[in-house]
Amino acid sequence: MTRLHVNGEEREVVVRTGDTLARTLRDTLGLIGTKIGCENGDCGACTVLVEGIPIKSCIVLTLDIADRLITTIEGLTDTPLQRAFVEEYGFQCGFCTAGQILNATELLGRSPKPTDDEIREQMESNLCRCTGYEGIERAVKRAAGIELPLQKGSHT
Amino acid sequence: MILEDVRYYQPETIREAVDAYREAAAEGLSVHYMGGGTEITTHARDGKLAPGALIDIKRIPEANGISRGSGVIRFGAAVTLTRIADSGDVPLLSATARRIADRTTRNSITLGGNIAGMLPYREAVLAFLIYGGTFEVTGPEGTRTAAARELFDRRVRLEDGEFIVALSIPESASTAPWYYTRRERDGRVDYPLVTFAAGLVRDAVAFAVAGAFLAPIAFSVPAAGVTRDVVVNELKALGLKYRTDMRGSAEYRRALTERACRDALDALGKGAQ
């Protein structure tokens with residue numbers, strides 16, 4: 001048995017040596033908020049936090065992460081960033097949203113008022129197949145308390 | 001499960017790592033040392049790699065940390081590229097690390113893993129080639145130190161069972177003039193068409209290039225009287241073949257590389273000579 005610390009809970013799971021963290025979270029622990037997109041480390045849909053650092057769980061072995069603190073999207077509840085994603089329409093189909101939010105969570109923890117360059121560098125780790133990048137960027141800025149320019153077509 | 005029936009070791013000392021290698025190799029397993037494991041998992045998924053045993057070196061203290069002493073800055077092979085990018089200890093190295101993959105992936109990719117990996121780019125080695133860095137490697141026959149330009153000839157020339165423990169670079173690299181550019185076809189997060197780095201090292205200008213050829217290369221020319229033509233001719237004299245792939249033709253890579261030669265000299269204050 002392998003001990004995992006997920007979202008504040010200790011879980012004992014049977015893990016094969018070749019299992020990736022993404023598969024363990026979804027298939028063994030039922031935490032299906034973690035999405036598997038490319039399974040190649042490119043899209044970022046599987047992003048989770050390990051000791052607060054975002055990693056792509058599809059290219060990390062579960063055994064590598066044992067005994068470390070894992071946070072999945074199920075571990076976040078009504079955070080200001082999550083609310084900002086709703087308020088700014090920072091999602092369309094929603095497939096990438098968990099990864100986007102977890103990645104941005106670390107950015108705002110490290111840099112509460114991130115610059116445009118910091119946001120770009122951080123968020124270029126995550127692809128949005130709906131190309132909703134503008135809403136995602138606005139959500140991150142809103143959560144950071146950064147003043148947002150009026151959107152085209154907005155009413156004052 | 002991407003990896004089938006792989007044996008996984010997590011040694012906490014160099015001795016344990018070497019013993020694990022001996023044990024697995026003696027059983028006929030295909031043994032790989034592992035840092036972040038990003039390349040191993042992706043290549044395994046593609047069927048390009050089927051390791052029988054993985055030895056994860058991240059828990060070995062000597063392979064971790066960034067430290068200064070005896071005139072060098074020492075980077076553990078298991079230090080992540082994010083940490084190196086954010087450290088700023090050697091600006092050229094940090095700039096190079098910051099453009100490899102994306103930030104989230106850099107949180108997993110390690111310095112040693114990038115340099116010893118299967119992909120042909122291995123950009124993290126460029127600063128060590130330019131500034132006369134050294135590799136600290138260990139294996140069944142013991143630990144040795146080797147100059148980067150000797151040990152890295154297109155790839156790291158390790159003996160059977162060896163792995164990289166750390167890399168060092170002279171402390172003078174933290175303030176030496178440098179130039180860096182990276183050209184991609186499809187935006188920042190992509191493999192490079194050309195990654196070109198240069199630095200002033202004593203009385204020479206040192207250059208290192210990745211992406212343009214089958215593997216990273218390095219060369220130096222005397223700083224006195226250097227011109228773009230001198231650099232381009234030196235590059236041509238190496239007799240290397242530019243790569244053609246889906247991202248760009250050999251001719252395009254050649255043009256980008258030769259343009260970078262000129263830009264590097266301009267940036268290093270050698271352009272007017």
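**Helix packing and a chain interface: worked exercises**

**Exercise 1.** Work out how helix 4 of chain A packs against helix 6 of chain A, and what kind of residues make the contact.

*Solution.* Start with the geometry: in this predicted model, helix 4 (residues 97-110) and helix 6 (residues 133-143) of chain A pack at an angle of about 35°, their axes 11 Å apart. Next, the handedness: helix 4 of chain A goes past helix 6 of chain A in a right-handed crossing. Now list who touches whom. Helix 4 of chain A brings Gln100(A), Ala104(A), Leu107(A) and Leu108(A), and helix 6 of chain A answers with Ile136(A), Val140(A) and Ala143(A). Sort those residues and you get six nonpolar, one polar and no charged.

**Exercise 2.** Do the same job for helix 4 of chain A and helix 5 of chain A.

*Solution.* Geometry again: helix 4 of chain A and helix 5 (residues 116-123) of chain A pack at about 140°, with 10 Å between their axes. The crossing of helix 4 of chain A with helix 5 of chain A is right-handed. On the helix 4 side of chain A, the residues are Gln100(A), Asn103(A), Ala104(A), Glu106(A), Leu107(A) and Arg110(A). They meet Glu118(A), Ile119(A), Gln122(A) and Met123(A) of helix 5 of chain A. The tally for this contact comes out at four nonpolar, three polar and three charged.

**Exercise 3.** Describe the interface of chain B and chain A: its area, its polar pairs and the side that chain B offers.

*Solution.* First, count residues: 28 from chain B are in contact with 30 from chain A. Second, the area: about 2,300 Å² is buried between chain B and chain A, and carbon and sulfur atoms give 50% of that. Third, the charged pairs. The rule picks up six salt bridges across the interface of chain B and chain A. Take Arg98(B) with Glu121(A): the closest N and O atoms are 3.0 Å apart, which is a salt bridge because the cut-off is 4 Å. Fourth, polar contacts: 16 residue pairs count between chain B and chain A, both partners at pLDDT 80 or more.

Last, look at chain B's own side. The elements giving two or more residues to the side that touches chain A are helix 2 (38-45), strand 3 (53-56) and helix 5 (103-106) of chain B. By type, the residues on that side of chain B split into eight nonpolar, 10 polar and 10 charged.

Terms used:
Residues are numbered from 1 along each chain as its sequence is written. Chains are lettered from A and ligands numbered from 1 in the order in which they are written. This is a predicted model: local features need pLDDT of at least 70, side-chain atom pairs count only at pLDDT 80 or more; totals for chains, interfaces and linings use all residues. Side-chain values use heavy atoms; hydrogens and water are left out. Axes are lines fitted to C-alpha atoms, for helices over the stretch in contact, and angles run from 0 to 180 degrees between N-to-C directions. Helices (H or I, at least four residues) and strands (E, at least two) are DSSP runs, numbered from the N terminus. A crossing is left-handed if the near helix is turned anticlockwise from the far one by less than a right angle, and right-handed if clockwise. Contact means heavy atoms within 4.5 Å. Ala, Val, Leu, Ile, Met, Phe, Trp, Tyr, Cys and Pro count as nonpolar, Asp, Glu, Lys and Arg as charged, and the others, Gly among them, as polar. Buried area is the accessible area (1.4 Å probe) that two parts lose on being put together, summed over both. A salt bridge is a side-chain nitrogen of Lys or Arg within 4 Å of a carboxyl oxygen of Asp or Glu. A polar contact is a pair of N or O atoms within 3.5 Å; within protein, one must be able to donate a hydrogen and the other to accept it, and residues adjacent in sequence count only if both atoms are side-chain atoms.
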